[in-house]
Amino acid sequence: MGGVRAVLIDIDGVLTVSWEPLEGAVEALQVIREAGLPVALLTNTTSRTRDRIARTLAERGLRVGPDDILTAPAATAAYLREHRPDAACLLLNSGDVTADLQGVRLVSGPDARPDVVVIGGAGPEFDYAALNGVFGHLQRGAELIAMHRNLYWRTDEGLQLDAGAFLLGLEAATGTEAVVLGKPAAEFFAAALRTLGVTADEAVMVGDDVEADVLGAQEHGVGGVLVRTGKFAPDAEGGVDGHRPQHVIDSIADLPGLLGLG
């Protein structure tokens, strides 16, 4: 993989599962950094802030800081500040990420009349009352924004349903198409490339989600590497709609070898 000057890495399912490092992840990240390749961690995780993610990973031996991490909530906040700066926004999300939503005017409660509904990651908060309330706001003309479209993610208890499954229902019921701001949105990858100071053809994206991580990156000119960990399924190697991952490796532990780092 000649010409690679920077590495984009998904967190959940690639570096960790339920925030515990996968075998070889700590060592692989260290080798990449020692080779002088800048790294950005791109995640659709919506349950934790960038600061908390960085602390959690550092406690487990993965040397990263908040500035190394780009999250779907942070990308959502940047979009809202630019495109809907005065909008009243209702957030449906599992986990507290308000620290990464600076500059966004959040509203809640039975009297809320939001201009925008923001869908984050799924959890117990996604009950009938909450989803039906969102349905009502969308019928009244609120804009629908989603931090991601992930249908599920892998935990130490197996695959768990995520917000993308509910998002499909809301879109179908209201005839609305959400603006999606996490992976695989073009701006999400572009923000990471700007942070690292490289062009798309100088970077590679490593992920366990063949569509959002790997094919999403490849669509925008970034090299794609699919790992056989996390939510990986054997049929993912065949790709989607004729589009295949450029590289497939067993785990992040094999990435330094793929990059020619030993």
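**Exercise 1. At what angle do helix α4 and helix α5 pack, and how far apart are their axes?**

Let's work through this on the model, which is a predicted one.

Step 1. Locate the helices: α4 covers residues 128-139 and α5 covers residues 163-174.

Step 2. Read off the geometry: the two pack at an angle of about 35°, with their axes 10 Å apart. The crossing of α4 past α5 is right-handed.

Step 3. List the residues that meet. From α4 come Leu-131, Val-134, Phe-135 and Leu-138, and from α5 come Phe-166, Leu-170, Ala-173 and Thr-174. Sorted by class, this contact has seven nonpolar residues, one polar and no charged ones.

**Exercise 2. Find the aromatic pair in the structure and classify its geometry.**

Step 1. The structure holds one such pair, made by Phe-126 and Phe-166.

Step 2. A pair of aromatic rings is described by the distance of the centres and the angle of the planes. Here the centres are 5.3 Å apart and the planes make 45°. Planes under 30 degrees apart would be stacked and over 60 edge-to-face, so this pair counts as tilted.

Step 3. Place the rings in the chain: Phe-126 sits in the loop between β8 (116-119) and α4, while Phe-166 belongs to helix α5. With these positions 40 residues apart, the pair links distant parts of the chain.

**Exercise 3. Is Phe-126 buried or exposed?**

Step 1. Its relative accessible area is 7%. The cut-off for buried is under 20%, so Phe-126 is buried.

Step 2. Now try its partner: Phe-166 has a relative accessible area of 24%, so Phe-166 is partly exposed.

**Exercise 4. Which residue lies over the face of Tyr-152?**

Solution. Look for Lys-231, which lies over that face at 5.3 Å from the ring centre.

Technical notes: Residues numbered from 1 in each chain as written. Predicted model: local features only at pLDDT ≥ 70, side-chain atom pairs only at ≥ 80, totals over all residues. Heavy atoms only, no water. Axes fitted to C-alpha atoms, helices over the stretch in contact; angles between N-to-C directions. Helix = DSSP H or I, 4+ residues; strand = E, 2+ residues; numbered from the N terminus. Left-handed = near helix turned anticlockwise from the far one by under 90°. Contact = heavy atoms within 4.5 Å. Nonpolar A, V, L, I, M, F, W, Y, C, P; charged D, E, K, R; others polar. Phe/Tyr/Trp six-rings, centres within 6.5 Å; stacked < 30°, edge-to-face > 60°. Buried < 20%, exposed > 50% of the residue type's maximum accessible area, 1.4 Å probe, protein only. Lys NZ or Arg CZ within 6 Å of the ring centre and 35° of its normal.
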